[in-house]
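Biologist: I would like to go through this structure with you, one question at a time. Please reason each answer through before you name the result.

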Amino acid sequence: MSAGPPWARSQELYARATRLMPGGVNSPVRAMGSIGRDPIFVAEGSGAELVDVDGNRHIDWMCSWGPLIAGHAHPAVVEAVTAAAARGTSYGAPTEAEVELAAEVVERVPGAEMVRMVSSGTEAAMSAIRLARAATGREKLLKFAGAYHGHSDGLLVEAGSGLATALGARGGGESAEQRAFPGGQTGVPASPGVPAAVAAATLVVPWNDRGAVEEVLGEHEVAAILAEPYPANMGFVPPAEGFLPFLREVAGRTGALLVFDEVISGFRVARGGAQEREGVTPDLTVLGKVIGGGLPAAAYAGPAELMSLVAPAGDVYQAGTLSGNPLATAAGLATLSLLDAAAYDRLAELTAKLAEGMHEAARDAGVPVRVASTTGLLTVFFTEDPVESYEDAKACDLDLHGAFCRAMLERGVYLPPSQFEAWFPSLAHTDEHVQRTVAAARAALAEVAA
Ligand code: PMP
């Protein structure tokens, strides 16, 4: 820790930032409001660690919310990006590296035969939905409560991530309309500025609820069932046994396309994402985060027959000035080249150790938690009950979670500052990082449980 007040420079910058930027940040959850403190400003990152502007060092389990599966400033990624930058940062014309990256995605992801690159997960999900609507000639969407697919109008309906965080911070609560339809069959904007008519085309059902999915699909012709196959924006809430095969079957039966948003799970939970691990192939796949290796890149992908509807092969329009730009493409390719079978074995082992350590620390401190984890994803839910849906996640002790995050920060461990997010173990984390984190958790839990 630095001499003097540990967060003085961060506080100074935050005061200045709040006059210049809404809430002082460029993305809401970074503000740390939901854990009851001000944000920490980062100076640099290396491997699994961050150094803040006051010189405090943190073990970083957030890793930029998922892209940094190789950790901060991995030498191979830095070298690839630096070399690409020297050759020019953007041409707005095709490059060889884009072809290589598309081939890499197609080789890894079972549902990908053709790929279109974009610059953010928001853009990728929005574009995949446009394609699904064009392909089916239908307009409605089915999404799951607590799932987040970016901030496009039609998808800001019972969305997780930062929206869940904001709700939690306000003490939770749904709109009157949502209470009136417990099955969640009505699309109500989750943000002012989203047209009611747009939100109304989005039908929301509880995650893991087969009956609700059947009911909605029985009443509506739906263009797409949009799901995070491993939802991680209400915390990590895995699919119940058989739920993903059920979605595959019911989509086929009702003429809807199955769209998996693997922005988080893609290239993280397995080489070919959750779809490879679960053996369920969607019609369209949305990718982001790891595909850009820490630079802005995302993609949507699917069978040639569907993807050929996208312009200029077809007439479903979608474009982007910086799509597939050389820097993001280089970072993505360099990152993917690190992700072999051995890497996933290590990531699985490390995540399992972290989960076990956190479970034991909480048990010994007498704090009831549920630890949900899989390769490269983990959430510690502050509840004694199973967490299988957004409702369950919202029922967690958010104040205790906030106090825990604050106490961890005081001990040099940077966690995602919301109960509705996942920790992102990376290949840069070591057993020593796990041990230090678990030791800090023991002390932090003893403090907050007192
Ligand atoms: N889909 C999922 C599953 C996500 O987790 C996110 C972002 N966390 C998005 C889409 C949106 O991605 P972006 O922030 O790059 O727009």
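Biologist: Which helix gives the most to the shell around the ligand?

Modeller: In this predicted model, 16 residues lie around the ligand, and S120, G121, T122, G150 and V263 come nearest. The helix that gives the most to this shell does so with three residues, and that helix, spanning residues 121–136, is α4.

Biologist: How many residues of the shell around the ligand are charged?

Modeller: The shell around the ligand divides into nonpolar, polar and charged residues, of which six are nonpolar and eight are polar. The number of charged residues in that shell is two.

Biologist: Are helices α2 and α12 roughly parallel or antiparallel to each other?

Modeller: The axes of α2 (residues 75–86) and α12 (residues 326–337) come within 8 Å and cross at roughly 155 degrees. Since angles over 145 degrees count as roughly antiparallel, the two helices α2 and α12 are therefore roughly antiparallel.

Biologist: How many residues of the contact of α2 with α12 are nonpolar?

Modeller: On the side of α2 the contact is made by A76, V77, A80, V81, A84 and A85, while α12 brings residues including P326, L327 and T335. One residue of this contact is polar and no residue is charged, whereas the number of nonpolar residues is twelve.

Biologist: Which residue in the hairpin of β11 and β12 takes a positive phi?

Modeller: Strands β11 (residues 370–374) and β12 (residues 377–381) run antiparallel and are joined by five bridges, with S373 partnered by L378 of β12. Two residues lie between the strands of this hairpin, and the residue with a positive phi, near 80 degrees, is G376.

Conventions: Residues numbered from 1 in each chain as written. Predicted model: local features only at pLDDT ≥ 70, side-chain atom pairs only at ≥ 80, totals over all residues. Axes fitted to C-alpha atoms, helices over the stretch in contact; angles between N-to-C directions. Helix = DSSP H or I, 4+ residues; strand = E, 2+ residues; numbered from the N terminus. Parallel < 35°, antiparallel > 145°, perpendicular 65-115°, else oblique. Contact = placed C-beta atoms within 7 Å. Nonpolar A, V, L, I, M, F, W, Y, C, P; charged D, E, K, R; others polar. Near = placed C-beta within 6 Å. Pairing = 2+ DSSP bridges.
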